[in-house]
Structures are given as C-alpha cells and as structure tokens.
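Work through the three exercises below with the sequence and coordinates at hand. Each is followed by a solution in steps.

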Amino acid sequence: MLTKRIIACLDVDGGRVVKGVQFENLRDAGDPAELAKAHSESGADEIVLLDISAAHERRATLLDTVRRAAKQLFIPFTVGGGIRTLEDAAAVFSAGADKISMNSAALANPKLITGIAERFGSQAVMVAIDAKRCEGTSSWEAFTHGGRAAAGRDAVEWAREAEASGAGEILLTSMDRDGTGAGFDCELTRAVADSVRIPVIASGGAGGAQHFVEVFRQGHADAALAASIFHYGFSRLVDLKEEIGARGIPVRRPC
Amino acid sequence: MIAIVDYGAGNLVSVKKALDWLGAECAITSDPEEVGRAGKIVLPGVGHFASTETLERTGLKQAIADSIGRGIPFLGICVGMQWMFQRSQESPETRGLGVLQGECERFPASVKSPHVGWNQLEVEPSSRMLRGVPSGSFVYFTHSFRAPLNGATVAGCEYGGQFSAAVEHDHLFGVQFHPEKSGEIGLRLLGNFCAV
C-alpha cells in the first residue's frame, strides 16, 4: 500500500542547521550532512534542506553542503532556497539533489517551472507555497520572500497554475501555524489537495502524532513535513511513525 | 565497468552516487562506443517516454541492443524499464526496445496520478536481482505510467490494481521504482545487479 510520507526538514544558514537541535551521539549537531543521515537512519521518508540564508555569496557554501549531505543519503533529497534560474537548479542537481523547491522565483516566472521540468522531469520540481489565511475567510493568500511579501495570489488558484506549469509536488506551508506546534491547517491542506492531482506536502504546525493523523485524514495530505519536532532525538521520529501507524495511517517501517 | 547511459533525460548523479557507494566501477556516458565496451549497462530515465527517442537518434539504442545480444547485463530504471517494452500509451508513436512484450499504460482514474512515494513489493523468490529483498519491502516510486504484470514480472506492486514493479528475463533487469532512492533495500538490489 502507498504510504503517507513523513519528511524531515533542515533549515540551513551559511552551511549550518539553525533550528534548536538536541540530537545525541552526533559529533556536530549543526552539520546538515550528519543530521540528514541521522534522520534517514531514524526513519525519515525524505529529506528537505531549505537554505534560508539565500544570500548570493553563500551559494558556494550551499552546494558544498548539498554535496556532502547527498553523498551518504539514499532516500529522496530536496533542496530549496534561492533557486532563481535553470542554472541554479542544474547546479543543485549536479551536487546530488533529487528535487528542487522554489517559491518566489516560481511565482515571479511560472515558465521557470516548465523549463526545469522539461529538463529534469516534473518529479524533480517542487513548488513551495507559503499561505496565510485571509482573516475570517476560507481563503488563503500566497506569500513570497520567506513570508515577508504578499503575492496578491490566491493559494489554491496558484497551486493549480503551478501544477499546470509542470510542478510535480506542492509543499504547502501554513504561515498561521508555522512554529506553533498547534497542528497543521487541515482546511488549507484539503482545499489545495482536493484541487490538484499532484501530491501535496503539508507543513507548519506539527506538534505531535495526532496532528499528522489529522492532516492525512481530514487534510487529504500525501505527505507531511516538520522540522523542530524531529530535533529532540533520533528515537522521536521512529516513535512518531510507530504511533501514526498504530492509528491506522499506512507508514513505511523498516524491514 | 558499468555504463550509466546519459541521453539528456534527467539527473543521473543519484544513480552514480549509489553505485560509487557500492564500490562499483561506473561512468556516466552518452557515447555509443563507450556503452558498447561496458561490462554492464544501466539506463535511468525520468520524464516523458518520448524522451527515449534520443536513444534512437544518437545510436545509443543500437549500441544497447548489440550489447544485450552479446549477453551484457542491462538494468532499466523507471522510464528506462518502460523502454524495455514495445511501447507506452504516453507516446504511442515512440518505439521502445521491445525486449519485453506489451505496452505501458496509464493509472486508472480511481487513483491519484502520479504515483509518488514509498510502496511495497510482492517479490517472486526466484529473482536474482531481488535476492535478500523480502516481500513487503518498501521502495520509492515516482511515475505516471506503468507496465502491466507479465511473464517477466519478479515484483508486483498495488496501486489502482497490480502492476510490474520489477522485471527480469535472463540478463535483462528493470525496476519501475528508484533503487538509488530506496534506502538499504535499493542498495541491496543494485549490489545484486553489480554481482550478476
């Protein structure tokens, strides 16, 4: 049976993982390559590395980080942050990424999605949508530049256009829930997941196993991503998947 | 030496990386002569079935067919496996290699397509490629078309009905999933292919 994916996200700035990490038995708890490997060994179905620095002079550092992380990673590996051109994407792929994630650049120029998908396949192109609820409504606006700029676009409608342009997956972050631990925005996730045929990855708000169960059941998500929840120790991810599985959601367990 | 055939469709780094990890001598190449000299051939592939037409234009198809004729082991991955069949509904006018009978088809409308994520294998125990891979093992898929079950199927997978996740016939091997992205199980499979 096709399982629901649990994706571990690493936010990286200047080659270092920046969220509070409390992994044990790591020589260097801020090293993205070590953390990616640790997450993979503890049962993550996929790794997403987001470069939040994105400053141009740091691209070389990022590529080096991607290369080091990819070398010992044999599960799907996505890299996002600051990818603005086909050349940027090509460099990240040759460093060992399987997929790239784009937000601002895709919104500014949806043809970029098409161009990268034609060269590397749709499965390699993830479009990240940061969505914020329009107060008191059931509609959400897309934001760019790390949530700093409103794009003036309806999130659901943009997800449809991204799919039509060649995106293979949507990484959907609820800005209202991000970092709160209060649970995913199931209403937002469902609105997008029911509007496209490509997989939707829910993000923002994960605090416990129940939240994952809810976003898969009520939110119709194909996958769910979290960062800080996984940063308390290796065993958490294994336990989390065990608990989600025990509640009837199909998840991958090691053979 | 294992030739990883580059025909401009997608990213071959992951496959190379996995084979490097296993200690196999391998090289990414688009040169038909180099493919012809290789002791084993891996044909990865992503995207559209029509992209395999490049193989025909560049002489790579002939080189691969010649090597297969001489008994050289061949592994097709994803679209590379679909290409081993005669054709695909994705691009009906494109001819596959045709070493396996049949046509690749769409998923039924009852399930979301593409099929993306970790799904389970039902393994035929006699398979050489899947030695040490138990039934129920999870592997990573990402595809919109699929090969039906046939005489060469050595692993089935369920998604909107059963389809061929892995095929094997003499020295010809194919996998619909991505062994280079399927953790320990995928590395075991690639190790088996290297040892053939």
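**Exercise 1: strand pairing in chain B**

In this predicted model, strand E8 (residues 122–123) of chain B pairs with strand E11 (residues 153–158) of chain B; determine the sense and the number of bridges.

Solution. The two strands run antiparallel and share two bridges. Within this pairing, B:Val123 lies opposite B:Ala155 of E11(B). Next, follow E11(B) to strand E12 (residues 162–169) of chain B: this pairing is also antiparallel, over five bridges. One register point is B:Thr153, whose bridge partner in E12(B) is B:Val167. Finally, inspect the connection: E11(B) and E12(B) make a hairpin with three residues between them. In its turn, B:Gly160 has a positive phi of about 65 degrees.

**Exercise 2: the buried face of a helix**

List the buried residues of helix H4 (residues 60–69) of chain B and explain why they line one face.

Solution. The buried residues are B:Leu60, B:Lys61, B:Ala63, B:Ile64 and B:Ser67. Viewed down the axis of H4(B), they fall within an arc of 165 degrees, so they line one face of the helix. Their packing partners in chain B are strand E1 (2–5), helix H2 (32–37), strand E3 (40–43), helix H3 (53–57) and strand E4 (74–77). After H4(B) comes B:Gly71, with a positive phi near 90 degrees.

**Exercise 3: the contact between chains**

Count the residues of chain A and of chain B that are in contact, then describe the chain A side.

Solution. 25 residues of chain A contact 31 residues of chain B. On the chain A side, helix H2 (59–71) and helix H3 (86–94) of chain A are the elements giving two or more residues. By class, that side divides into 12 nonpolar, five polar and eight charged residues.

Conventions:
Residues are numbered from 1 along each chain as its sequence is written. Chains are lettered from A and ligands numbered from 1 in the order in which they are written. This is a predicted model: local features need pLDDT of at least 70, side-chain atom pairs count only at pLDDT 80 or more; totals for chains, interfaces and linings use all residues. Two residues are in contact if their C-beta atoms, placed from the backbone, lie within 7 Å. Helices (H or I, at least four residues) and strands (E, at least two) are DSSP runs, numbered from the N terminus. Ala, Val, Leu, Ile, Met, Phe, Trp, Tyr, Cys and Pro count as nonpolar, Asp, Glu, Lys and Arg as charged, and the others, Gly among them, as polar. Two strands pair if DSSP finds at least two bridges between them. A residue is buried if 20 or more other C-beta atoms lie within 10 Å of its own, exposed if 12 or fewer, and partly exposed in between; C-beta atoms are placed from the backbone. The arc is that of the directions from the helix axis to the C-beta atoms.
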